[in-house]
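Work through these exercises with the sequence and the 3D view side by side. Try each task before you read its solution.

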Amino acid sequence: MGQAIRQESVASDVMQRDMITVAPSDTLRDALALMTENHVTGLPVMDDKSRCIGLITASDILGFEEEHAEDASERGMLQHFNADIGRWESVPISAFGLEEFGDVRVEEVMTRELISVSRDTPLKEVALKMLNDDVHRVLVMDEKYRLYGIISSFDFVRVVAES
């Protein structure tokens, strides 16, 4: 990237174009494996027409698991790299969680209220949207739900560090 942040910088200047995505019919086990392998905490959910219809995050999966878990004493810790803040974190996960909930489909747990911007949204607006909506990532897509990229709070840190 290596570009200075300019007054007229827009979403497409800093978005990550290489995204790992999942299908609504994929399982929570599949989603967690992809997150762990790729060191990300969230995955866009794409339908068979290549439209972004949701977002699944590690927090969504943990929240679902906690809501449905009966015995909280069987918790272990999952180590994962949180790219949003640029460091490793330990996330509590039940030892039985993936056995019990691993086959649940992504579409049952994903967030459907997508926070997005267009490719030409000024970076200042992107940052304000993330602050106002209290989110660590926004999707860059058009009105037809075509996904072009994703911007995480870590991308802003990288841009400032490189400028």
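Two residues are in contact when heavy atoms of theirs lie within 4.5 Å. Keep that cut-off at hand for Exercise 2. The model is predicted.

**Exercise 1. The overall plan**

Task: State how many helices and strands the protein has, and give their order.

Solution:
- Step 1. Count the elements. The protein has six helices and seven strands.
- Step 2. Read them from the N terminus. The order is α-α-β-β-α-β-β-α-β-α-β-β-α.
- Step 3. Look at burial. Of the 163 residues in the protein, 39% are buried.
- Step 4. Look at contacts with a separation of 6 or more. Residues 24 or more positions apart account for 57% of them.

**Exercise 2. Gly42 and its neighbours**

Task: Find where Gly42 sits, decide whether Gly42 is buried or exposed, and list what Gly42 touches.

Solution:
- Step 1. Locate the residue. Gly42 belongs to strand 1.
- Step 2. Apply the cut-off. Buried means under 20% relative accessible area. Gly42 has 10%, so Gly42 is buried.
- Step 3. Leave out residues up to four places away in sequence. Gly42 then touches Met35, Ile56, Thr57 and Arg137.
- Step 4. Take one of these partners, Ile56. In sequence, Gly42 and Ile56 are 14 residues apart. In space, their C-alpha atoms are 5.6 Å apart.

**Exercise 3. The first hairpin**

Task: Describe how strand 1 and strand 2 are joined, and what is special about phi of Ser50.

Solution:
- Step 1. Find the strands. Strand 1 covers residues 42–46, and strand 2 covers residues 52–57.
- Step 2. Check the direction. The two strands run antiparallel, joined by five bridges.
- Step 3. Pick out a facing pair. Pro44 stands opposite Leu55 in strand 2.
- Step 4. Inspect the turn. Strand 1 and strand 2 form a hairpin with five residues between them. Ser50 lies in this loop. Phi of Ser50 is near 60 degrees, which is positive in a residue other than glycine.
- Step 5. Judge the cover. Strand 2 is largely enclosed by the rest of the structure, because five of its six residues are buried.

**Exercise 4. Two helices and a loop**

Task: Work out how helix 2 packs on helix 3, then examine His39 in the loop that follows helix 2.

Solution:
- Step 1. Take the geometry. Helix 2 (residues 28–38) and helix 3 (residues 58–68) pack at an angle of about 140 degrees. Their axes are 10 Å apart.
- Step 2. Classify the angle. An angle over 145 degrees would count as roughly antiparallel, and 65 to 115 as roughly perpendicular. Helix 2 is therefore oblique to helix 3.
- Step 3. Add the handedness. The crossing of helix 2 and helix 3 is left-handed.
- Step 4. Name the residues that meet. Leu28, Ala31, Leu32 and Met35 come from helix 2. Ala58, Ile61 and Phe64 come from helix 3.
- Step 5. Move to the loop between helix 2 and strand 1. His39 is found there. His39 is not a glycine, yet its phi is positive, about 55 degrees.
- Step 6. Check its exposure. Partly exposed covers the range between under 20% and over 50%. His39 has a relative accessible area of 36%, so His39 is partly exposed.

**Exercise 5. The three-stranded sheet**

Task: Give the strand order of the open sheet with three strands, then trace the contacts of Arg137.

Solution:
- Step 1. Read the order. The open sheet runs 5-6-7, with mixed pairing.
- Step 2. Find the edges. Strand 5 (116–117) and strand 7 (147–152) are the edge strands, and each pairs on one side only.
- Step 3. Follow strand 6 (residues 137–141). Five bridges join strand 6 to strand 7, and these two run antiparallel.
- Step 4. Match the partners. Arg137 stands opposite Ser152, and Met141 has Leu147 as its bridge partner.
- Step 5. Look at the turn. Strand 6 and strand 7 form a hairpin with five residues between them. Tyr145 in the turn has a positive phi of about 65 degrees.
- Step 6. Judge the cover. Strand 7 is mostly covered, with five of its six residues buried.
- Step 7. Return to Arg137, which is in strand 6. Its relative accessibility is 14%, so Arg137 counts as buried. The side chain of Arg137 makes a polar contact with the side chain of Thr41, at 2.3 Å.

Notes. Residues are numbered from 1 along each chain as its sequence is written. This is a predicted model: local features need pLDDT of at least 70, side-chain atom pairs count only at pLDDT 80 or more; totals for chains, interfaces and linings use all residues. Side-chain values use heavy atoms; hydrogens and water are left out. Two strands pair if DSSP finds at least two bridges between them. Helices (H or I, at least four residues) and strands (E, at least two) are DSSP runs, numbered from the N terminus. Buried means under 20% relative accessible area, exposed over 50%, partly exposed in between (1.4 Å probe, protein chains only). A polar contact is a pair of N or O atoms within 3.5 Å; within protein, one must be able to donate a hydrogen and the other to accept it, and residues adjacent in sequence count only if both atoms are side-chain atoms. Axes are lines fitted to C-alpha atoms, for helices over the stretch in contact, and angles run from 0 to 180 degrees between N-to-C directions. Angles under 35 degrees count as roughly parallel, over 145 as roughly antiparallel, 65 to 115 as roughly perpendicular and the rest as oblique. A crossing is left-handed if the near helix is turned anticlockwise from the far one by less than a right angle, and right-handed if clockwise.
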